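Hi everyone, thanks for making the time. Let me put the model up on the screen and then walk you through one helix and a few spots around it.

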Amino acid sequence: MIARGAGQMGVRIEKDQLDAMAFHAAELIKWNKKFNITAITDPVGMAVKHFVDSVALIPWVPQGAAVVDLGSGGGFPGIPLAICRPDIRVVMVDASRKKVSFLNHVVRMENLSHATALHSRVEILAGDDKYAGKFDMAVSRAFTGLGRFVDLALPFLSSQGKIVAMKGDLSTEEVEEVDGSCFDVDIKRYCLPNGDRRALVVGVRSCC
Ligand SMILES: C[S@@+](CC[C@H](N)C(=O)[O-])C[C@H]1O[C@@H](n2cnc3c(N)ncnc32)[C@H](O)[C@@H]1O
């Protein structure tokens, strides 16, 4: 189902990548019994709403990019992105210690040496010289409103850095609020295999 859904978006997923996503899903279900990491736990829902949705991001990530995923939760989109794109570096950030423990467990078990998860509030990490200005792309899914995401993402980005917000609901007002401020914004709409509508808000830095 993941391979077919990804294929509909023009993304090819190899067998070993599907196996790695299956491992992520299985561990998520296991950890979820003890820690409340995700509300979606049925296999079809996870495949479609977590994994297919996450791989929709893949075509927009430049070769060799350093990507920061703000508010990664159970690893979406950060883990599927790291599985499918060994050429990039992925840093996942979350304020929940148990979620970050889970993410680093998956990273270790899957040998995703180009990925890591950091336990921090995004606002605090943004002021750390080790991370500020070091990323080509900041992404988030179901993290916060577009305006706040832009404000939080900006300190992480290099001068050419881009943002991608993965959204379900997206209002015109939300887009107008950020378009032309520090980013020129483009909306890429797509449907998940179950018919749910999604949008990628891609912002290219215009000033600031
Ligand atoms: C609704 S979940 C989304 C998780 C994941 N991106 C997804 O799409 O499944 C939002 C996540 O953001 C994290 N979060 C919220 N505010 C944060 C902040 N200021 N700094 C870091 N993480 C934060 C929460 O702990 C939670 O895991």
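Let's start with what packs onto helix α5: the cover over its buried residues includes α2 (15-32), α4 (78-84), β2 (89-94) and β3 (115-119). Before I go on, please keep in mind that this is a predicted model, where local features need pLDDT of at least 70, side-chain atom pairs count only at pLDDT 80 or more, and totals for chains, interfaces and linings use all residues. Residues are numbered from 1 along each chain as its sequence is written.

A few words on vocabulary. Helices (H or I, at least four residues) and strands (E, at least two) are DSSP runs, numbered from the N terminus. Buried means that 20 or more other C-beta atoms lie within 10 Å of a residue's own, exposed means 12 or fewer, and partly exposed is in between, with C-beta atoms placed from the backbone.

Now, α5 itself. The helix covers residues 97-109, 13 residues in all, and from first C-alpha to last it reaches 18 Å, close to the 18 Å expected at 1.5 Å a residue (the expected span is 1.5 Å times one less than the number of residues). Which residues of α5 are buried? They are K99, V100, F102, L103, V106 and V107. These residues cover an arc of only 155 degrees around the axis, so they sit on the same side of α5; the arc is that of the directions from the helix axis to the C-beta atoms. On the face turned away from that buried side, you find the exposed residues R97, R108 and M109.

Just after α5 comes N111, in the loop between α5 and β3. Its phi is near 55 degrees, a positive value in a residue other than glycine. N111 counts as exposed because it has 9 C-beta neighbours inside 10 Å.

A142 also has a positive phi of about 55 degrees, although it is not a glycine. This one lies in the loop between β4 (135-141) and α7 (146-153). With 12 C-beta neighbours inside 10 Å, A142 counts as exposed.

Two prolines next. The peptide bond from F76 to P77 is cis, with omega near 10 degrees, and P77 lies in the loop between β1 (66-70) and α4. P193 lies in the loop between β6 (183-191) and β7 (197-205). Leaving aside neighbours within four places in sequence, P193 is in contact with M1, G5, Q8, V48 and V52, where contact means C-beta atoms, placed from the backbone, within 7 Å.

What about the ligand? It is surrounded by 16 residues, the closest being G71, G73, A95, V122 and R141; a residue is near a molecule if its C-beta atom, placed from the backbone, lies within 6 Å of it. β2 and α6 (122-125) each supply at least two residues of that shell.

Finally, the whole chain. The secondary structure comes to eight helices and seven strands. The radius of gyration is 16 Å, close to the 17 Å that the globule rule gives for 208 residues, so the chain is as compact as a globular protein of that length. That radius is taken over C-alpha atoms, and the rule is 2.2 Å times the number of residues to the power 0.38. Buried residues make up 43% of the 208 residues.

Notes
Contact = placed C-beta atoms within 7 Å.
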